[in-house]
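Q: Please take a close look at one small part of this protein, and then place that part in its wider setting. I would like a careful, connected reading, with a word on how far the coordinates can be trusted.

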Amino acid sequence: MHRRAALRSMLVVASSLTLLGGCSPESESAEPGAVPLVSQEQGERAYDPGAGWNLAWQDDFNGSSLNGAHWTVLTSNFDPVTGNCNFGTGELEYPRAQNVTVAGGKLILTAQRTSDAPMDSRCTGYGPRSYYSGRIHSKGKVERRYGKLVASIKVPSGWGMWPAFWTLGANISNVGWPRSGEIDILEWHANEASWMKSAAHYFANGAQQSWGTGANRGYSVADAFHTYEVEWTANQMIFRLDGQIQGNVFNHNEPAFQQNHYILLNLALGGNWYGHPHPDQIGLPWGQTKTMEVEWVRWYDRGTTTPTALTNPSFENGMTGWATWSPNGTEAADFSETHGGARTGAYHLTHWTNNTPFEVWTYQPKSGLPSGNYRVRAWVRKSGAFDVARLQAKTCGECAPVFTNLGNYGNWTLVETPAISVTGGYLELGFHTRATAGNSANFIHMDDVQLIRL
Ligand SMILES: [Ca+2]
Ligand SMILES: [Ca+2]
């Protein structure tokens, strides 16, 4: 998408034109710490997601054809999802089915020069394309949120190669881009061949917002398999190369990243990230091919996929299942009620004040929990001035809680606590707020509480 261009131009060293003839992965891979290329070609590249992560979905690209239950193959330079020609970035390729194959346990996206002058009838104003290539997505088929999304990918070297492993928000057809959100796990640029480039794009404060980072392997990552991942939670994204080299952490609170996303894999050529080069400038001569190969894509969930059941977690049955506590002197002002205007269902929990200082802890006690680590999630809208506003959990009435301080959110926003260890089977979880000065503008709305076992 051309709107991604601003970020990309910031990340690319524009003066690296001396690399135009192609980089030299052989010499660079001799640096200390480099993994010999031959070992990476033997078998599937190993990956360990770490303790507490469970495989929720995967495609190993076995067999001899792409799994149509997972993927849709694009066969045009017009993108029907976004309505863009050349994907909004002026890319030189025309995706077609022949250039998407599965063989040897791998997905293979093949780029090649063509004199066919392919062009979608909706894109006549842009002129014909000069390359064929491959592009697939999982929209409407594999759509998930949070967890670790990882792939083992071999990107092709060569100037003008723009392989990418990324996601878009599943609601893009309704809200458009960038409101849908976009997570770029891997983008590769020949001028910085040792880097995994990662980014997030979204809409906030009336405009497109872009955040970017990178992870540097120290030698070219092209022409060998590496793992590229994002660890995505309600509050953060952590991008890793080969499970170890970490870029900067993206701390977010964006609705676009609290919904399902779908996966895209594609091998683009040229376009705005390379400064709109002429097809002859691309490092892919007539009669040759370049391939982006993917050994596997995996999506891991943190903890169990089924949250531990709470009583009345969406507050549809008044305060059933929930208790309240207030310190002496504030009971008369502790307003902890259910109201309409819910996130889901008809009702939600509200804390508010009638201009009187108050404090209230609305919590659900849970007994009989298996020992382990837990996390609490809930959706919140909040405004006003509170001294304390927390989503929290504790293992006894007098125990120190784990908590997340709630910010001001105009829209329903998903929040979660840090992990808490439960060994005695008991947990209290809920919302604790306190306002020492009366303020009629104070409000906090809460709905859809979940207890997650990690
Ligand atoms: Ca495989
Ligand atoms: Ca509700």
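A: Glycine 140 is a good starting point: it counts as exposed because 11 other C-beta atoms lie within 10 Å, and the limit for an exposed residue is 12 or fewer. The model is a predicted one, and every value given here should be read with that in mind. Glycine 140 sits in the loop that runs between β9 (135–137) and β10 (143–144). Although alanine 69 is 71 residues away from glycine 140 in sequence, the C-alpha atoms of the two residues are 9.5 Å apart in space.

Three other loop residues can be set beside this glycine. Asparagine 99 lies in the loop between β5 and β6 (100–103), and it counts as buried because 23 C-beta neighbours fall inside 10 Å, where 20 or more are required. If neighbours within four places in sequence are left aside, asparagine 99 is in contact with Leu109, Thr110, Tyr132, Ser133 and Gly134. The C-alpha atom of asparagine 99 is also 9.6 Å from that of threonine 75, a residue 24 positions away in sequence.

Asparagine 86 belongs to the loop between β4 (84–85) and β5 (93–95), and it is buried because 24 other C-beta atoms are found within 10 Å. Its phi is near 55°, which is a positive value in a residue other than glycine. Alanine 117, placed in the loop between β7 (106–113) and β8 (131–133), likewise has a positive phi of about 55° without being a glycine. Alanine 117, however, counts as exposed, because 10 C-beta neighbours lie inside 10 Å. A further backbone detail is the cis peptide bond between tryptophan 177 and proline 178, with omega at about 10°; proline 178 is located in the loop between α4 (172–175) and β13 (182–187).

From the loops we can turn to the strands, beginning with β17. Strand β16 (residues 225–232) is joined to strand β17 (residues 236–241) by five bridges, and the two run antiparallel. They form a hairpin with three residues between them, and within this pairing glutamate 231 stands opposite isoleucine 238 in β17. Strand β17 is also joined by two bridges to strand β18 (residues 245–246), again in an antiparallel arrangement, with isoleucine 245 in β18 as the bridge partner of leucine 241. β17 and β18 make a hairpin as well, with three residues between the strands, and in its turn aspartate 242 has a positive phi of about 55°. In addition, β17 pairs with strand β19 (residues 250–251) in the antiparallel sense over two bridges, and there methionine 237 stands opposite phenylalanine 250 in β19.

Farther along the chain, an open sheet is built from five strands in the order β22-β25-β31-β27-β28, and its pairing is antiparallel. Its edges are formed by β22 (323–325) and β28 (402–405), each of which pairs on one side only. Neighbouring strands of this sheet are turned against each other by 20° on average, with direction ignored. At one end of the order, strand β27 (residues 388–394) is joined to β28 by four bridges, and these two strands run antiparallel; leucine 391 has threonine 404 in β28 as its bridge partner. As a guide to looking at such strands, side chains in a regular strand alternate between the two faces of the sheet.

For the wider setting, the protein has four helices and 32 strands. It is made of 454 residues, of which 45% count as buried. Among the contacts with a separation of 6 or more, 77% are between residues 24 or more positions apart.

On the question of trust, the pLDDT of the protein averages 87, and 88% of the residues score at least 70. Over residues 1–42, by contrast, the pLDDT is below 50, although this stretch has 66 contacts in the model beyond near neighbours in sequence. Where pLDDT is low, the predicted coordinates should not be read in detail.

Conventions. Residues numbered from 1 in each chain as written. Chains lettered and ligands numbered in written order. Predicted model: local features only at pLDDT ≥ 70, side-chain atom pairs only at ≥ 80, totals over all residues. Pairing = 2+ DSSP bridges. Axes fitted to C-alpha atoms, helices over the stretch in contact; angles between N-to-C directions. pLDDT = per-residue confidence, 0-100. Contact = placed C-beta atoms within 7 Å.
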